[in-house]
Every structure is written in C-alpha cells, then in structure tokens.
Amino acid sequence: MKKLLIILGSIFGLLLLAAIILPIIFKDDIRAAVDQAIAENVNANVYYDADEFDLSLIRHFPNASVSLENFGIVNKAPFEGDTLLSVESFEVVVSLTSLLFDDQPRISSIELDQPNVFVQVLEDGTANYDVAVASEDTVTAADTTSSDLSIRIDHWEINEGNIVYQDLSLPMLMVAQQVNHSGSGDFTLDVFDMTTETKIDQLTVNYDGVEYMTNKKVTADLILNMDLENFKFTFKENTVKVNDFSFGFDGFFAMPEEDMDMDITFAAKDNSFKSLLSLVPGAYLEGFEEVKTEGNVDFNGFVKGTYNEKTMPAFQINLIAENGMFQYPDLPTPVTNINMDMLVDNKDGNIDNTMVNIKSFHADLGSNPLDARLLLEGLAPYKIDTEVKAQLNLAELTQMFPMDSLDLKGNYNLNLVANGVYDSASNQFPKVNMEMALQNGYVKSGDYPPLENISFTSSVKNESGNMAQTAVQVNNFDMTLAGEQFNADLSLTNLEDYTWDLKANGTLDLEKLTRIYPLEDMQLAGVIRTNIQSKGKMSDVEAERYGQLATSGTMSIQDFKYTSPDLPQGFTIANASSEFNPERITLKNFEGAAGKSDMRMTGYVANYLGYALADNETLRGQLDFKSGKFDLNEWMTEDTTAVAEDTTEAALEVVEIPKNVDFVLQSSIAEVLYDDMTLSNVNGSIIVRDGVVRMENLKFGSLGGQFAMNGTYDTRDMQKPSFDFDLDISNLEIPKAYATFNTVQALAPIAEKMDGTFSTDFKIAGLLLPDMSPDMNTLDGKGIITVNDASVQDSKLVGAITQVTKLKNSNDIQLNDVKINAEIKNGRVFVEPFDVNIGNFKTVVAGSNGIDGSLDYLMKMDVPAGAVGTAVNSAIAKLTGNTENISSNIKLNFNVTGTYEDPKVGLAGAEAGESPSQSAKAAAEAKAREEAQKMKAELEKQKQAAEAEARQKAEDAKRQAEQQAKEKTEEVKQEVKEEVQETKEEIKQETKKKLKKILKPN
C-alpha cells in the first residue's frame, strides 16, 4: 500500500510538474501559432501585449486557459486607423479532456473585460466588422454540412463594455455604455435554450435623425429557444426593463435565408403609471423611487411580417393611461388627472403609411389645465389634425417638477388648431390658427442675474392651406437683463418666398447672459448695443439683388472679451462702433487687442451681404490699421502652455489667400515681434486681391538696417505658391542677417564669418515649400549688393588660400565700399568681378557658388615675389617658363573649387607687369570670352543643324510638289490627248461628209 501511495504520489507530482513546465516550454510556439492564424485569417491589424500572453494548466485545472492583455483589432481601408475592438483582457478556458479525448471541444468560459466595440457600416453596406480573409478554396454546400466540427460553450461574459453601432445605410446610431452581459448555451445541439442576462447603464438610439431613446437604463433577462438548423429563435421566459418600465416578448424571429421573418407580440408586465413615468426625459432622477403615483397603464403591440431591403413588417403600439397622478417628494403640488389614449399603427409595413393617433391627452398641472389631441396620417406627405390648449402659471411648475436652483414666473397661454396636409414638394400647408403669449416672464438660475419682464405675443395663421399665405408674427418681444432692456419685432410671411421685416433694439450683457446659459470651456464678456432694421425677400437673396435688402442700423461694443481653448491668447475690444446699410458696414472706430497686441482700426467693409449669402461674391473693404506693438510669436505655438514660455514653435504652412476678398490694409505699427526679429516703424499698404497679397511701399527697420519692399505672395496655384519681392535694404548688419534669414545661409555661407554692414537693391522671386520656406532651387534674382565696411575672419576659404600661398598677414578679407553685381539662377549665385583685400594683398574675385555649398571662383591676387612660399615660386616658374628672373610683383590666379566647408584652392597661373585689378579683370574677361566662344560655337552648331533640317524639309517639299505637278501634268496631257483625238475624229468625219457632197455627181 505504501509503495502504491508512493507511486501514485510520484505520478501526481510528475503530472503537476508537467502542468507547470509544459505551458512554459510551448508558450512561444503556441503564441507563434496564434500570430500565424491571425495573419492568415484576419484582414486587419491585430495587437496584444506579447509579454502578457499567458497559457496555463493550473489556473482553471483541470481546464486549460489562454489569456491576452491589451488586445485589439484596428481596421484597414476603407476604415483605415479605426479601432474595431479593444479589450483590457481576454481569456478563454477550454476543457482539457475534451481537447484530448472528445470530438467536440468544450469551452468552459469566454470572458472579455472592458471591451470597447465600434461597429461601422457605410452607406453602400460596407462594414468594418467584415475582417475575415476570403478563402481561395471554393466551399460547396455539401462541404458546409459535412463538417463534424462543433464547439460547446458553457458560459460567456462581458464586463464593463462600451458598444457603438453606426449604420449609415439605415441610418442608425446606437450607443451602449457600461454593458455587462453573460450567457450560456450548448451550441453543439441543433435545438437548445440560450440564457442571457444583460445590463446597460446608458442606452441611446437614434434612427434617421430622430432620437428614440436617450441615456436609458436597460436590463434584459432572456431565454431563447435556438433552432440553429432553421435559424429560428423563439422567445420563452423573458423580461426587458427600460428604466422602471418592464415588458416582455412572445413569438419568434427567423432568418431562413436573406429575409428576416418575425411574428412578435409585446406587452407591459408592470401596469403602474409610475413605470411609464420613468420613461419621460428628466423625470427619472435620483430619488425617483420616492415619487408618489396613482393610475393604471395598458401597453401592448406587435411586429409581424418580413424585413428586407424593400419591405418592413407591420407594427402596432397601444398605450392607454388612466387617472394618472404623480407628486415628487418635498414638492407641494401634484400633477393630476393624467389621461392618454394613443395608437401607433402601420398595417402594411410601408413606413410612409404610419398613423399616430393621440385620441386624447389631459393633465392638470396644479390649477393649470393642458389638453391636446393629434392625428398624424402618413409621413411623406402627412395629414395632420391637432388641437392644443394650455394655460400655465410658470411659478406653479416649480412646485410640481424638480428644478434645481431654477426660478420661473409668468403666465403662458397657447391655443393651436391645425388641419390639413403638409407637403413641401407641392407647397401644401395645413390651415393653422395659433395664438401664443407670455406676460411678466421671469427666469433665474442659481446666483446668476435674472431675465426679467419677458413678454411677447405671437401668432401663426394660414387660412387657405397655401404656403404663400402663411403669416408669422412676433410682436413686442421685451426682456430685461441686469437692468439692460432688449426688444424686437418680427414679421415673416410667404413661406414660398420668405419675406421678413425685423427690428431689434437694445443692450445685451454677454457675461451675464453666459452666466445664465454657460458656455463650456469658453469665456465671453462685453456689452453690445444694437439698433437694427432689416427687410427683404429670399428671392432677392437668391437673385443676388442685395441692394433690395433694406438693412441698416448701428452697433457698438464695449469691454468685449473672448477666450477659448482654440484662442487662449484672448481677443478683446475696449470699444467699437459701426453703422451699416445694404452696401457696406462702416467701422467708425475700433480699439482692442489680440492677445498682447493692441489694435486700432477705422474703415469699411462692402458687399458683406453678398459675401455672406452667396458663394461667388467678393468681400471688399479698406481699413486703416494702427498698433503700438504687435506680437506674432504668441500666435505661432503648438500648445497653450508654450504661449507664456515662448518655447515651442509651430511649423509654418502655406496659407491660401481667398480669391473672393478684395481688401486694402493701410498699416502703421510701431513694433512687430516675429520669431527673433523686431520690426520697428512698420508702414505701408497690404492689398489682398484675387488670391494674392501685394505689399506696396512697405517700410520698416530691423537688424540694424532699414527695409523698403514691394512684392507679392501668390497662392492662386496652391501646388506652386510663389513670391516676388523688390528689396531695398540699407545698413543691414551681416551677422544678424546670417542668423535670421535661411536664404542668406544658403546663398552666402561666407557671411557666417563676416562682420560689418551691407546694403542692397535686389529683386528675388521663387516658389515656396509647404512650410513657407523658399524652394532654393527655384530662386531667380538679380541686383547690386554694397558691402559698406566688412571683414571675413577665421574662414576655411581664407585658410585654404594661406595654405597654398604661405602668405603672411592674409588671415582675413577686407571689403570697403565694395559693389557686387550678383545674379541668382539655377540654384547658384553668380558674381561679376569685384575687389577685396586679402590681408595686405589686393585681390579680384569672380565666379559662383551653389546652394549645395559648391564653389567655382577665380581669384587674382597681386603679391611680392618674396612673399610667397618656395612651392608657389616653383609652380610659377613652371607655369611661366622663367626659372631665373621672377618679377618683384607677381599676379597669382587661383581656382577656388570644392565646397565652403572643404574648399580646394589651386594655382591657375601667374604673370607680371599688370596691376592686380587689371590682371584679374583680364583673366575674368578671358574666361568670359572663352565662355562666349563656347556659346557661339554651340549656337553655330544649332544654327547649322536648324538650317540643314530646314533645307531637308524644303527639298522634301520640293520633291513632293514636283511629283504632284508631274502627276497633274500627265493627267492634263492625257485629257488633252483624248480631247485632240476626239477632235481629230470629228474633223475627219466632217471632212468625209463634205468631200462626199463635193464629189457626188449631179
């Protein structure tokens, strides 16, 4: 026995050890198999935390479990980047014995923790959940039925899930939050019972723009008989609860093929009025269980028929409430005598034939009766027959309904009678007679200032059923906010050609108004005073006859302030006033600030109505703009935290200038801050017109110099935005120019080692890259650069010259009143010969450098023979052929190639007797002559080729003409020959006749 126990214990220990070790040994292989299966079967990006992939034989022994953490599926096109599913954790527990010994694997449980599901269906029916890789094998019906593989699932569970279903083909949107669901069923059987329990904290359903459920709490306990062979599901025991309203289903739902067949009835399980009240928006609040209610409810209906792309099932809903009453705790007045009889009926499944019949509705809100009836037949067009009567003392409503910190007063009356057909296509409108009024209205929320003295009378009348004869009147609308009064009148007639007459006069305090109606993440303050009159017809708007719109008035703004997450810097208006008429808005004065930048403006805006109401109208105007300091840097940050710190700069991008804006901005700004630049005394005109910004006589000081510029910024072709500037710059500091302008860095890299100032009269144009920087390869420019007094020190170029010449005192370059003729083309800067001093030695420089840093210069230097090194003297002797007598003055020619960072200096020649300037100029002229000869030869070659081609074409044309002429001549000759032959024959015959006549005996 002891041995048996030892043996059994050893076997158990080995099994336990194997259960621990085997998952570790085969974990990577299993994970690789999972990855391969996903890659072969899922057309989406699947991710999970590989470090949290777990395989265990212990956790649910004797079952095996596989778990994943941070699991998700991300769609590919056409839903690129959208997450179909994300799960905090996913676990599957499988019966180990069923895997080893049974034909049918048995899944003990599937659990998803905190899943987020986002299902999308496009208008064409394309769904983002269709991620299975299509099989290349053809599967026949026999193949699908012959498989013996089936899986039994004992239990599944979803915890704290969120589901969004958006179907644009219907269209429909369903949002379910905090979903907890569990279920069980034996899917190895053809017929079995499936049991599910579901709880949803908030459910919202929107169908075709109508929200049928909003944040409702839903629970559902269902037992469905599942007939998988016929795909038919029959309701057994079930209860569905929406808020406190519970009901149940009976019948079946089937999908034998593509169509959905159903025959389902439903009825309330709780006939109390309180359960119905829980469905009313705003009524299902905390403490709802304490609400006192009375009355009975009868609710039932059915859905019967077939649903497919062409048909819908018939349906019916009956709802009757009798002697209803409710009273909230701690409120003195109940709502009583609630009675309603409603029928929603659709007999044929055509949604347009739906009828809604509220035969009667009555409620007493304290001492205020409310009566209504409604018959609505059809949905497009629909026939309406309704009557509503209400007399409400608003102060009493606060004694019946929970209104936290809300105080209402006033007497509201409504009388409405409408009967007829509404059809916008045929301009049919029901006959309507509505009168509505409010007197002594008062609204106060919490500690916010009240809206007081609210009153108006309004009416809607139509006696013929024709839209054109509809009249809407709102008379004597008055209200007072914190002592400021506002009043308005509106007349709206002829709904076929909207004709309006509006008058508004008064003061609005925006801060007080937003305290009553808070704006999220936004601060708004200021006082607006307005006196507006507007008359017009929609036909005039559509025909662009804006002069016919009699709109005029005045508006003033004081202490306006606006901030939001998109505008954290804020926008303020200390005071502004304007007048307007149909043609223009005249800005009489404006004083405000955009962030830290102050602004003052006067001017006008014209054609504002056309611009606002039509697509092809141009907004015109002129403004005089003045500012003491305008800081552009605070508008160029990626995040709001960097505004104050001025640390994070956003990449600029090309801004498209609208083509339908014609604006002239006369600017006068004392100081502009842009990047690291400070622009002082900015004056000039900025003209926005036809998609182009034009600067005229724009002058400012910066970087120690003075700028004057004319030019354009052109975005008419957004694929090739361009600029074209004429620049007149004087006394600009070279180090600051190099540090500030990337064009200087690219075109004149030697400026990095220069000090001093320069002036220039230069024209430059080119294309812009997407980040607003110039495309260096497209630059084209020409002008004169005057270097006033500058020097170059510690330059690699100077060092390379010194290295070759061994000259002393040649470590810097001096430029004094040097004028440089320069041209930019094909990505290079070309300069004509100019004089500099390299140390004590006069030098002439000419050539070019590229934006890639490459150099191609010729330098001619006049130096004493004894000043250069022996290597140079030796090279000179070889070049000149004079090994004995070298002149005391030597003219050295250097070729400078390589790049600015790695210059290559080589001796190109030497001569005596000329001044450095003459020699260098002669060398430059020689080089120019050489280039000219090359160009002349090339042109001559092209000329000869063109002449040869022209001669060949002429000869071809001549041959063709001769051939055509020859053919034509032969043709004419043949015709003449034939005519001559005919003539000969005629003459011959005629001659015979005459001879016969002459020779005929008498």
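1. Valine 693 has tyrosine 713 as its bridge partner in E36. The two strands involved, E35 and strand E36 (residues 705-714), run antiparallel to each other and are paired over 9 bridges. Two residues separate them in their hairpin, and leucine 703 there has a positive phi near 55°. The model is a predicted one, and the remarks below should be read accordingly.

2. E35 also pairs on the side of strand E34. Strand E34 (residues 677-689) and strand E35 (residues 692-702) are antiparallel, with 7 bridges between them. Within this pairing, isoleucine 686 is matched with methionine 695 of E35. This hairpin has 2 residues between its strands, and aspartate 690 takes a positive phi near 55° in it. E35 thus appears in two antiparallel pairings, one with E34 and one with E36.

3. Strand E31 (residues 619-627) has alternating side chains. Leu619, Gly621, Leu623, Phe625 and Ser627 point to one face and are buried, whereas Arg620, Gln622, Asp624 and Lys626 point to the other face and are not buried.

4. E31 has an antiparallel partner and a parallel one. With strand E30 (residues 597-606) the pairing is antiparallel and covers 7 bridges; valine 605 is bridged there to glycine 621 of E31. With strand E33 (residues 661-674) the strands run parallel, joined by 9 bridges, and phenylalanine 625 has serine 667 of E33 as its bridge partner. Both E31 residues named in these bridges, Gly621 and Phe625, belong to the buried face.

5. The largest nonpolar core contains 81 residues, and Leu815 and Phe834 have the most contacts inside it. Strand E40 (residues 812-825) supplies the largest share of this core, 6 residues. Leaving out residues up to four places away in sequence, leucine 815 touches Met754, Val787, Asn788, Asp789, Ala790, Val792, Phe834 and Val836. The list therefore includes Phe834, and also Asn788 and Asp789. A second core, separate from this one, has 59 residues; Phe245, Ala268, Leu319 and Leu331 are among them.6. Helix H12 (residues 796-805) has several buried positions: Leu797, Val798, Ala800, Ile801, Thr802 and Thr805. An α-helix has 3.6 residues a turn, so residues three or four places apart point the same way. After H12 comes lysine 806, which has a positive phi near 60°.

7. Two loop residues deserve a check of their backbone angles. Most residues other than glycine have a negative phi. Aspartate 330, not a glycine, has a positive phi of about 70°. The loop that holds aspartate 330 runs between strand E15 (314-327) and strand E16 (335-346). With a relative accessible area of 81%, aspartate 330 counts as exposed, because the cut-off for that class is over 50%. Asparagine 826 likewise is not a glycine and has a positive phi, about 55°. The loop in its case connects E40 and strand E41 (828-838). Asparagine 826 is exposed as well, at 72% relative accessible area.

8. Two peptide bonds are cis, and each leads into a proline. Most peptide bonds are trans. Alanine 77 and proline 78 are joined by a cis bond with omega of about 5°; proline 78 sits in the loop between strand E3 (63-74) and strand E4 (83-95). The bond from leucine 170 to proline 171 is cis with omega near -5°, and proline 171 is found in the loop between strand E7 (152-167) and strand E8 (172-185).

9. Leucine 170 appears again at the surface. Together with Tyr207, Val210 and Tyr212, Leu170 forms a nonpolar surface patch of about 370 Å² of accessible area. Valine 210 belongs to strand E10 (residues 210-227). Valine 210 has a relative accessibility of 42%, which means it counts as partly exposed, the class between 20% and 50%.

10. Some totals for the protein chain follow. The chain has 14 helices and 45 strands. Of its 1002 residues, 37% count as buried. Among contacts between residues at least 6 apart in sequence, 51% join residues at least 24 apart. The accessible surface comes to about 57,600 Å², and carbon and sulfur atoms account for 53% of that area.

Terms used. Residues are numbered from 1 along each chain as its sequence is written. This is a predicted model: local features need pLDDT of at least 70, side-chain atom pairs count only at pLDDT 80 or more; totals for chains, interfaces and linings use all residues. Side-chain values use heavy atoms; hydrogens and water are left out. A nonpolar core is a set of buried Ala, Val, Leu, Ile, Met, Phe, Trp, Tyr and Cys residues joined through side-chain atoms within 4.5 Å. Buried means under 20% relative accessible area, exposed over 50%, partly exposed in between (1.4 Å probe, protein chains only). Helices (H or I, at least four residues) and strands (E, at least two) are DSSP runs, numbered from the N terminus. Contact means heavy atoms within 4.5 Å. Two strands pair if DSSP finds at least two bridges between them. Patches are made of residues with over 30% relative accessible area and no salt bridge: like charges are joined within 9 Å, nonpolar side chains (Val, Leu, Ile, Met, Phe, Trp, Tyr) within 5 Å. Accessible areas come from the Shrake-Rupley method with a 1.4 Å probe; for residues, only the protein chains shown count as cover. A salt bridge is a side-chain nitrogen of Lys or Arg within 4 Å of a carboxyl oxygen of Asp or Glu.
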